[in-house]
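Visitor: I'm new to reading protein structures, and I'd like a close look at one part rather than a quick tour. Could you put it up for us?

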Amino acid sequence: MFKALVLEQQEKKTLSSIKQLDVSDLPDGDVLVDVDYSSLNFKDGLAITGKGKIIRNFPMVPGIDFAGTVAHCETDTFKAGDKVILTGWGVGENHWGGMAGKARVKASQLVKMPEGLDSQKAMAIGTAGLTAMLCVMALEDAGVKPEDGEILVTGASGGVGSVAVNLLAKLDYKVVAVSGREQNTPLLESLGASRVLPRSQFTEKGRPLDKQFWAGAVDTVGSQLLANVLSQVNYGGTVAACGLAGGFDLPTTVMPFILRGVNLQGVDSVMCPLERRTAAWNRLVELVPASYYEQATRVVSLEEVAEQAEAITNGQVTGRVLVKIIGT
Ligand code: NDP
């Protein structure tokens, strides 16, 4: 038997509780993993609180990512004892996820733990950190270089934003953070932001084309904020858009695209091919400094997840929240 956070639905409300499950309760898959850590991402928050239509089939074990140890593998991809990471693929959305002592998934969905990482560090990075890396890679692929100018990161205090600030600074980009929480300015500066701008500067409807300020941007917020960022990107610059913390609409015009050749590059970590996600993990090992794990991560228990889920959907979580499963 093992402990799991289980989501059920009653009268269209999502209810979460901790239950004891048996291995035979787990869904199909060819690898059984003993979960060490999961983490709390914005999507987990939407799923657990029921504020977003993330889960369609109940009961569901949430947790869109986890790191742990292979207990048994039916293919020759992994052997018992191998350390592995899972992010995305709909796990924690339409297949039971990482907020449980054990998970059964497909071997093809797992990334072998890179040298230099352990389960705790891997989940300190988690889906959010992987997405931040994929955003940085999208800027690099578009040819945005440190000497081109400043890079804006929105939703900077969050999981994706805080890792993006850190990675870009490590790669010698000059990073400007956008945050709605002034109290996080010291943290964002210590992660590598050269300055922090208030979110309020970007929330009112702006002009279709504004002054050109940014060589590129990583946007985790969407909506009006992304529209305003697009109107301020330099000629030929690129915005890597991965999130909707402020809304999923995009009230923009074609002007930045047709008059300034601005690129809007969508970034998805969920179905990202294994080769690219492995490359991203290897770069994360190289780039995330030891200080990140101390400055911007926090460990909670399974019992604390429901409260933290409410907080993340209200924009009140700073950095990354890890969920400790091992030993519970
Ligand atoms: P977090 O909640 O940790 O971070 C989001 C940040 O956005 C907050 O910390 C806050 O930063 C800011 N924010 C919150 N609410 C609002 C609002 N109403 N308007 C403007 N800004 C707001 O979430 P994550 O970092 O885990 O995820 C960020 C976004 O990226 C989410 O929308 C998530 O769904 C998406 N995502 C997408 C992935 C993909 O594969 N495409 C993968 C992972 C995440 P501050 O206080 O500093 O302004």
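Visitor: How many of the eight residues of helix α5 (residues 223-230) are buried?

Guide: Before we zoom in, keep in mind that this is a predicted model. Now to your helix: eight of the eight residues of α5 are buried, so α5 is largely enclosed by the rest of the structure. A residue goes into the buried class when its relative accessible area is under 20%. Reading along the helix, the buried residues are S223, Q224, L225, L226, A227, N228, V229 and L230.

What surrounds them? The buried residues of α5 pack against the strands β8 (150-153), β11 (214-219), β12 (233-241) and β13, and also against another helix, α6 (255-260). Here's a handy bit of background: an α-helix has 3.6 residues a turn, so residues three or four places apart point the same way.

Let's follow one of those partners a little further. β13 covers residues 263-266, and the loop between β13 and α7 (274-287) is where you'll find C272. C272 has a relative accessibility of 5%, so C272 is buried too. Leaving out residues up to four places away in sequence, C272 touches W89, L134 and R277. If you pick out I325 as well, 53 residues along the chain from C272, the two C-alpha atoms are 26 Å apart.

R277 turns up again in the surroundings of T87, a residue of strand β5 (residues 83-87). Beyond the residues up to four places away, T87 touches I64, D65, G126, T127, L130, R277 and W281. With a relative accessible area of 3%, T87 is buried.

Did you spot G126 in that list? G126 is the centre of a kink of about 65° in helix α2 (residues 119-141). Like your helix, α2 is mostly hidden: 19 of its 23 residues are buried, so α2 is largely enclosed by the rest of the structure. After α2 comes G143, with a positive phi near 85°.

Now compare that with helix α1 (residues 42-49), whose buried residues are D44, G45, L46, A47 and I48. They pack against β1 (2-10), β2 (13-21), β3 (31-40) and α9 (305-313). Just after α1 sits G50, and its phi is positive as well, at about 80°.

Keep going and you enter the loop between α1 and β4 (65-73), which holds V61. V61 has a relative accessibility of 1%, so V61 is buried. Its contacts beyond four places in sequence include A4, L5, V6, L21 and W96. Between V61 and G45, 16 residues apart along the chain, the C-alpha distance is 13 Å. P59 lies in that loop too, and a cis peptide bond joins P59 to F58, with omega about -5°. As a rule, most residues other than glycine have a negative phi, and most peptide bonds are trans.

That rule is useful at another spot, the loop between β1 and β2, where E11 sits. E11 isn't a glycine, but its phi is positive, near 50°. K12 is in the loop between β1 and β2 as well, and K12 has a positive phi of about 65° although it isn't a glycine. What a contrast with your helix: E11 is exposed, with a relative accessible area of 80%, and K12 counts as exposed at 80% relative accessibility.

One more buried spot is worth a click. A193 belongs to strand β10 (residues 193-198) and, at 7% relative accessibility, counts as buried. Setting aside neighbours within four places, A193 is in contact with V165, V175, A177 and L188.

Finally, zoom out to see where all this sits. The chain has nine helices and 15 strands. Its radius of gyration is 20 Å, close to the 20 Å that the globule rule gives for 328 residues, so the chain is as compact as a globular protein of that length. Along the principal axes, the C-alpha trace spans about 60 × 45 × 35 Å. Of the 328 residues, 54% count as buried. Among contacts with a separation of 6 or more, 71% come from residues 24 or more positions apart. So back to your helix, now in context: eight of its eight residues are buried.

Technical notes
Residues are numbered from 1 along each chain as its sequence is written. This is a predicted model: local features need pLDDT of at least 70, side-chain atom pairs count only at pLDDT 80 or more; totals for chains, interfaces and linings use all residues. Side-chain values use heavy atoms; hydrogens and water are left out. Helices (H or I, at least four residues) and strands (E, at least two) are DSSP runs, numbered from the N terminus. The radius of gyration is taken over C-alpha atoms; the globule rule is 2.2 Å times the number of residues to the power 0.38. Buried means under 20% relative accessible area, exposed over 50%, partly exposed in between (1.4 Å probe, protein chains only). Contact means heavy atoms within 4.5 Å. The bend at a residue is the angle between axes fitted to the seven residues ending there and the seven starting there.
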